[in-house]
Amino acid sequence: MNPSAVDLYEKELGPARPIGSVLVANRGEIARRVFRSARDLGLATVAVHSDADAGAPHVAEADAAVRLPGSAPVDTYLRSELLIEAALRAGADAVHPGYGFLSENADFARAVIAAGLLWIGPPPGAVEAMGSKIEAKRMMAAAGVPVLAEADPRTLTEADLPVLVKASAGGGGRGMRVVRTLAELPGELAAARAEAASAFGDPTVFCEPYLATGHHVEVQLLADRHGTVWAVGERECSIQRRHQKVIEEAPSPLVERLPRMREALFEAARRAARAVGYVGAGTVEFLADDTGRFFFLEMNTRLQVEHPVTECTTGLDLVRWQLRIAEGARLPAEPPARTGYAVEARLYAEDPAADWQPQTGIVHRFRLPGVAAEFTAAASGAGGGAAGDAGIRLDSGVVDGSEVGIHYDPMLAKVVGWGPSRSEAAGVLARALARAELHGPTTNRELLVRVLRHPAFLAGDTDTAFFDRHGLDVLARPLADADARRLSALAAALAEAAARRAGARVQRGLPSGWRNVPSQPQRTVYLAGSGAGAGAGAGAGAGAGAGAGAAVEAAYRFGRDGLLAEGHDGVSLIEATPGRVVLDVHGVRRGFAVARYGRQVYVDSPLGPVSLTAVDRFPDPVPQTAPGSLLAPMPGTVVRLGAGVAVGEPVTAGQPLLWLEAMKMQHRIDAPADGLLSELRVDIGRQVDAGDVLGVVRGADADSDSDSDSDSDSDSD
């Protein structure tokens, strides 16, 4: 590195110096991750929090915390002046931006440096250069990095379609829309701009050719202030939903099949880093085809969500290196060699079977078996990588009792499996997720497990069309089959009876339902399914997962020979306590862990997790929802109405009526059937709760007293 380049770093970043206390200008899992490495280096830690995050784990774990008044990101985590003031007030001398929010905002980086604080990131000029994906592609093309041609939305023709509309700032799938017809273009551009402005504070979007299938491959970079640039292995992140990564792994199955591709990728990534004078941790993302051709997508001038898979296969602590590089440390001449394999699954509070609707609510219990490390690459094997036995790493933003709200991304945790082979890494991860106790909002757990166990995934046949090719309805179905749900319901009923018996003042020693003379069985009815009764989807009229809402009855009595359960021949009771039931099922002993939170019951067993909602035997009368009602599938804010939508106007099935914004994404509410919009109960800016009536569509030929042709469900995407 020539002296002038080093001087440029000094000019932009300020002189390197020791860090004593670091503020993380972020929340949740990434704040906890940075705190872990900072503590390991002996640094003090400072958290910031919105009002919605006042009780969040990252706040409790920090040495100091500063409130950012408000809950919405635009009022809190996107307010650079508040973040800098918080750092100065708490005595921090460095700021780590995490990922998302202002992590790739050059003005924020400059403001941090101008305030006399050390910026844990690349020079603001590099952030700015890569912050505009439009300008970044032009710069990369000039540097000799392959790029996809940009498409100008003002001159698009049908021959140019399909195209992908993308936000110029930020990432994470926000502000992305696939456009297949010119008629869709204006609306999708508007939606992408609104979503990008909400998530990143910048509404700029652009278009590029859309490749329906491909491989999302990225290269992890580390660069110091002295000119050394590492390409620290590649990751494949091809399994995505709504252009957001769901499963990531290192190394890439595609690159493993095409070994000569690796060095070409690494050289392109290093060339990109040197073109912008990069310092710190960053990632260059490429779109590749099956032949090994690849094209530059973007450069993320920050830590990536999926960085743990690189840490687990190299033994590196990337956050530790971010902090040390900011202090002026030199990288060794060569990066460590990769060892083993790692696969990361993003666990989201969302319902894939209900068009990925985000979910909200209390996380009553969050426990995964076999966790060997949290927020660290520590594992068996030399260097802390994946050389030894398989294991699980957990990076989570929630703990028991955490609340998932509407303001932020619905990711609960990143769960990483590592092992000496790819199949072992995937296997240990699938088992941990399948056996996890996840009590609260509906999650994408079933989808993740089925993908990880899918023959195509295990064969390395992964690309961006994986969900379309293998069927979301199949991948998202419950892990527990119908028989397992019925057994789980019986276990839930027996556990509830045991709880009542334990609290009884008299006849405590008799089994529930015991009669000297045979009588009617005890009956308990549940609604079963993925998240039935939990999270935002419940009661919203849109369904809450595959099989959600299906009634399951447990009917049993005790006779002289023990348990007699209807529909369960060959089943006998071995043990029943309020929290655990053991049944003998045709000579096979089965254990069921039962947890109850109000009417919501969770049954965990090797047969698969089952969520149940107890149905009241004598329910209170409740107001009836008018047929044709549009019900909010989640809490959110109404951000816009469809073109021409007005009370008294005709609508057609599937016509977009309005958009709700929740968790930094926009969700469309469509007309459920042809008819007239007889009521519209919301306007732009209105906040709604799950299940609120947004409007009513009445059959076009129906009179004012008839609603037989109405449909009570609403769709959103």
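Here is a short chat between a student and a tutor about this predicted model.

Student: What should I know about the model before we start, and where does the numbering begin?

Tutor: It is predicted, so local features need pLDDT of at least 70 and side-chain atom pairs count only at pLDDT 80 or more, while totals for chains, interfaces and linings use all residues. Side-chain values use heavy atoms, with hydrogens and water left out, and residues in each chain are numbered from 1.

Student: How many helices and strands are there in the protein?

Tutor: Both are DSSP runs numbered from the N terminus: helices are H or I with at least four residues, strands are E with at least two. On that basis the protein has 18 helices and 40 strands.

Student: What share of the residues counts as buried?

Tutor: Buried means under 20% relative accessible area, exposed over 50%, and partly exposed in between, using a 1.4 Å probe and protein chains only. Of the 717 residues, the buried share is 55%.

Student: Which residues of helix 10 are buried?

Tutor: Helix 10 covers residues 260–275 and has 16 residues. What covers its buried residues includes helix 7 (133–142) and strand 12 (280–288). The buried ones are M261, R262, L265, F266, A268, A269, R270, A272 and A273.

Student: Which residue just after helix 10 takes a positive phi?

Tutor: Look just past the end of the helix, where phi is about 60°. The residue is G277.

Student: Is D317 buried or exposed?

Tutor: D317 sits in the loop between helix 11 (307–314) and helix 12 (318–326). Because its relative accessibility is 17%, D317 counts as buried.

Student: Which side chain makes a polar contact with the side chain of D317?

Tutor: A polar contact is a pair of N or O atoms within 3.5 Å; within protein, one must be able to donate a hydrogen and the other to accept it, and residues adjacent in sequence count only if both atoms are side-chain atoms. A polar atom of the D317 side chain lies 2.9 Å from the backbone nitrogen of R320. The side-chain partner, at 2.9 Å, is R33.

Student: How much space lies in the second largest cavity?

Tutor: A cavity is a set of points on a 1 Å grid over the protein atoms alone where a 1.4 Å probe fits but cannot get out; lining residues have an atom within 4 Å of a point. The lining of the second largest cavity includes R174, W356 and H667. The space in that cavity is about 100 Å³.

Definitions and conventions
On a 1 Å grid over the protein atoms alone, a cavity is a set of points where a 1.4 Å probe fits but cannot get out, and a pocket is an open set with protein on both sides within 12 Å along at least five of seven lines; lining residues have an atom within 4 Å of a point. Grid points are joined across faces, edges and corners, and a volume is the space filled by probe spheres set on the points. The expected span of a helix is 1.5 Å times one less than its number of residues. Contact means heavy atoms within 4.5 Å.
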